[in-house]
Amino acid sequence: MNPVNYLYLAALLFAIGASGVLIRRNVIVLFMCIELMLNACNLALVTFSRMHGNLDGQIVAFFTMVVAAAEVVVGLAIIVSLFRSRHSASVDDASLMKL
Amino acid sequence: MNALAAATTTSTGEAVQFWVLGIVAVIGALSTVLLKKAVHSALSLAGTMIILAVFYLANGAYFLGVVQVIVYTGAIMMLFLFVVMLVGVTAEDSLKETLKGQRWLAAGCSLGFGILLIAGIGNASLSTFNGLGAANARHGGNVEGLANLIFTKYVFAFEITGALLITASVGAMVLTHRERTERAKNQRELAEQRVREGKHLPPLPAPGVYARHNAVDIPGLLPDGTPSELTVMQTLRKRGQIRDVSQESLADLKALEQRSGERLGREDADAVTRGAGPASAAENSEAAQ
Amino acid sequence: MENLIALLVAAPLLGAAVLLCGGRRLDKTGHWLGTALAAASFVVGLILFTDMLGKGAEDRALHQHLFSWIPVEGFQADIAFQLDQLSMTFVLLITGVGTLIHIYSIGYMEHDERRRRFFGYLNLFLAAMLILVIADNYLLLYFGWEGVGLASFLLIGFWQHKPTAATAAKKAFLVNRVGDMGLSIAIMLMFTTFGTFAFGPVLESAGETSQGKLTAIGLMLLLAACGKSAQVPLQSWLGDAMEGPTPVSALIHAATMVTAGVYLIVRSGAIFNAAPDAQLVVVIVGAVTLIFGAIVGCAKDDIKKALAGSTMSQIGYMILAAGLGPIGYIFAIMHLVTHGFFKAGLFLGAGSVMHGMNDEVDMRKYGGLRKYMPVTFITFGLGYLAIIGFPGLSGFFSKDKIIEAAFAKGGTEGWILGSVALLGAAITAFYMTRVMLMTFFGEKRWQPDAEGHEPHPHESPRSMTIPMIVLAFGSVFAGGFFAIGDRFVNWLEPVTGYDHGHSPLSAATVTGATVVALVVGVGIAWAMYGRKPVPVVAPRGSVLTRAARRDLLQDDFNHVVLVRGGEHLTRSLVYVDHSLVDGVVNGTAASVGGLSGRMRKLQNGYARTYAVSMFGGAAVVIAATLLMRAV
């Protein structure tokens with residue numbers, strides 16, 4: 001098997017995650033799909049690291065994880081406060097950008 | 001895994017592992033997207049992430065593989081589950097689309113995007129794989145190699161990421177913590193408010209109580225026999241898990257009358273209820289289980 | 001000496017400011033102040049004149065630079081004066097005649113409660129007119145040009161309670177705007193051509209510039225002159241301008257302001273010399289106006305309007321002479337000066353007659369006034385003899401010279417122009433004799449006015465008769481003084497240049513022809529108005545007479561061609577504006593609005609919709625990248 005298959009898998013997972021972001025209305029699930037996309041990226045980075053034979057790809061993946069952790073913390077906090085004020089976890093309810 | 005070094009093909013073991021786990025990972029991702037309940041999605045995602053951790057290990061990223069398990073599956077997914085519990089389960093879980101054309105657009109975009117990505121990867125000349133053996137060995141192992149990079153080449157990024165983490169934790173506290181700025185209402189004030197609003201003065205009615213099961217999910221019946229949703233707790237109402245027993249109780253009543261009729265030897269009552277008898281018995285037995 | 005030049009302007013300007021801002025407390029003394037300041041200006045003029053006479057012909061021109069008005073890189077507008085022989089002539093005429101008319105007005109306007117304001121306006125006019133003639137660049141000249149236009153507007157409409165006066169003032173102002181536009185365009189053309197508008201550089205380099213540009217500048221200057229000097233086709237305002245007080249008609253609309261066009265053309269002689277086409281147009285305009293004004297003058301029964309027609313005709317002579325080039329410049333100015341004397345005198349005489357006749361202006365209701373107003377009769381009579389060119393009087397010398405110059409132009413052109421000028425002389429004799437006979441001779445034809453007051457003709461007060469007497473002296477002797485020994489020619493030659501030309505006729509022949517024309521004109525007039533009594537109600541008259549009474553249909557022409565044409569043009573422009581311009585604008589607005597309305601639906605506020613577009617965009621970027629790599 002060619003290790004390129006990992007990249008195909010990553011692309012597939014990324015597309016699935018993206019479609020989840022677009023389709024799901026529950027903001028928590030939507031957020032999970034974002035995490036899925038990030039993980040797909042990480043897989044690609046790790047594969048590239050192996051491909052090029054140096055560790056920089058892994059470093060970037062590592063930073064992605066850290067940033068994702070921070071993002072999750074803040075995002076979930078936002079979800080909680082959003083739920084408190086609107087009693088809803090639907091992204092479509094937060095459509096105040098429209099007049 | 002050093003055997004992978006400088007090879008365009010992997011060992012058969014890794015290939016088998018890839019095909020098996022890869023399929024599972026895709027299934028997990030799909031169920032994350034498609035399962036109705038947030039808890040199920042979270043669990044599927046956790047599974048996918050663990051499989052990804054295995055793939056990291058297979059790719060020679062030992063440190064990341066472990067971190068993936070600990071941080072993602074351990075910490076982040078647990079955080080998700082906590083929030084799911086906090087927010088509760090609501091009707092928004094339904095997969096029914098409300099935006100016109102959104103599903104088609106989303107499908108089109110995702111498909112197009114995926115095809116383009118895969119085509120791009122297929123087009124790229126990715127024939128040679130150097131493998132990580134040399135890189136890992138240079139500083140005495142994968143962890144040491146990463147540490148060397150983080151504290152030399154990427155030290156500024158590392159520091160900034162640390163600052164970002166602290167900021168994020170402070171931000172999370174600021175966002176979720178709510179200082180109470182006014183005195184809590186006492187019982188009298190709440191009662192007065194209820195009278196003022198005039199919506200529902202007495203305490204909410206209790207659910208219908210039947211000794212045969214939990215009964216919290218069974219609404220109490222109004223005098224005309226229709227169930228009252230007010231009697232069921234909000235979460236169950238939102239989940240749509242109210243058990244409607246109005247027909248059931250009517251059937252029970254019929255069965256009771258039939259039995260008492262049999263006992264009392266009323267012929268006509270027997271003739272009238274004979275058709276409904278077996279069905280009621282079946283429902284009874286089901287309810288009893 | 002140069003510093004005195006500004007004083008010429010400053011005196012009347014001060015008078016205008018004091019009189020117009022001073023308020024009621026100056027009502028008793030204001031007219032004396034105005035007159036004194038006009039006289040002061042005249043005295044300054046005389047001092048400068050004597051100083052100038054003491055110098056050689058070549059260094060008589062004085063320059064005074066007051067300050068830089070608009071000093072910009074490449075654009076230098078100065079307030080600077082230039083006093084040469086030509087300007088000096090005008091200064092003396094303006095301040096001299098102006099002072100006399102100030103004195104006259106003291107008596108004439110005695111019973112007008114707004115006399116102070118009248119003198120303020122007169123002083124303002126003097127200041128503006130002096131700026132016009134002593135400016136050393138075209139921009140300052142334009143300033144004075146507009147200033148006299150303003151003063152003219154204010155003075156024509158001085159009796160603004162009369163709707164006719166208000167309308168006449170507006171008409172004069174509007175018609176003058178057309179000419180002013182010509183002058184401003186001419187100045188702009190000068191600036192683009194020469195890079196400056198000071199007289200010196202412009203006139204010196206006029207010979208080296210392309211003829212097309214010079215012709216354009218010349219025609220624009222001619223347009224300006226037509227507006228200010230009431231020449232065809234912008235002549236229609238002068239007749240109506242007689243609605244103003246008679247001293248105004250005498251000073252502004254006979255002696256000075258209306259001659260500003262002649263000054264402009266003579267001053268710009270270098271440009272016209274180098275542009276024969278423009279010069280030809282000038283000559284044609286002059287000749288046409290000469291006959292036009294004379295015909296109008298023949299038919300009018302209103303004494304002032306008859307004189308106004310005469311003014312138009314006489315200025316036609318001047319323009320004709322100015323269009324002849326160096327042959328005629330000097331005689332144009334000479335006729336201008338003598339005309340200033342006798343026409344001012346005639347107007348003052350007419351004013352005196354009106355003063356004695358309850359402001360009646362219809363000559364058919366005069367008659368036999370010579371016994372009642374002897375001084376007026378004599379002075380008016382001398383003015384009359386001067387204007388018809390009676391041998392020995394002013395008009396004879398100046399007009400005769402112009403006719404000679406017209407013949408001297410040479411060729412067919414010379415013959416035509418000379419004949420027209422001779423014909424004009426005959427008609428002049430006719431209409432002036434008619435005025436004279438109808439006013440001072442024949443039977444009394446007075447009628448009580450609307451309130452039943454029988455007029456009691458009487459001689460005017462001394463403040464009015466003295467200026468008339470002085471002007472009569474000028475009318476009699478000025479021409480001879482100028483002509484004998486070629487004094488005037490020698491005086492102006494350094495400024496305007498002089499050329500004898502080659503007359504096909506001898507001077508004596510021309511003079512003889514002029515005298516014959518004069519006799520014929522007077523004879524016909526005597527036959528028509530002297531031998532028979534003049535009817536009080538005007539007879540119907542021939543087609544020409546009726547047309548001439550209506551100013552040869554000039555107003556009807558203007559109405560049909562300009563007013564109607566303008567209205568149609570405006571209407572079509574409005575239509576184009578509404579349908580085409582607004583259509584484009586509104587259509588654009590509507591399409592933008594409609595498009596926005598549709599685009600607005602894209603902005604539905606749902607984060608997921610935005611995510612789709614973002615994701616789609618990312619897909620497009622990837623597609624583009626792959627495509628570029630593939631290519």
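**A nonpolar surface patch and a buried helix in chain C**

C:Leu66 lies in strand β1 of chain C. The model is predicted. C:Leu66 has a relative accessible area of 37%. That value falls between the 20% limit for buried and the 50% limit for exposed, so C:Leu66 counts as partly exposed.

C:Leu66 belongs to a nonpolar patch on the surface. The other members are C:Phe67, C:Trp69, C:Ile70, C:Val72 and C:Phe143. Together, the patch residues have about 540 Å² of accessible area. Strand β1 of chain C, residues 62–72, supplies the largest share of the patch, with 5 residues.

Helix α4 of chain C was examined next. This helix covers residues 115–134, 20 residues in total. At 1.5 Å a residue, helix α4 of chain C should span 28 Å. Its end C-alpha atoms are 29 Å apart, which agrees with the expected span. Of the 20 residues of α4(C), 19 are buried. The helix is therefore largely enclosed by the rest of the structure.

Chain A was described as a whole. It contains 3 helices and 0 strands. Along the sequence, the helices of chain A give the pattern α-α-α. Chain A has 99 residues, and 73% of them are buried. Its contacts were sorted by separation in sequence. Among those between residues at least 6 apart, 59% join residues at least 24 apart. The exposed area of chain A is about 3,000 Å². Carbon and sulfur atoms supply 71% of that area.

Key: Residues are numbered from 1 along each chain as its sequence is written. Chains are lettered from A and ligands numbered from 1 in the order in which they are written. This is a predicted model: local features need pLDDT of at least 70, side-chain atom pairs count only at pLDDT 80 or more; totals for chains, interfaces and linings use all residues. Side-chain values use heavy atoms; hydrogens and water are left out. Helices (H or I, at least four residues) and strands (E, at least two) are DSSP runs, numbered from the N terminus. The expected span of a helix is 1.5 Å times one less than its number of residues. Buried means under 20% relative accessible area, exposed over 50%, partly exposed in between (1.4 Å probe, protein chains only). Patches are made of residues with over 30% relative accessible area and no salt bridge: like charges are joined within 9 Å, nonpolar side chains (Val, Leu, Ile, Met, Phe, Trp, Tyr) within 5 Å. Accessible areas come from the Shrake-Rupley method with a 1.4 Å probe; for residues, only the protein chains shown count as cover. A salt bridge is a side-chain nitrogen of Lys or Arg within 4 Å of a carboxyl oxygen of Asp or Glu. Contact means heavy atoms within 4.5 Å.
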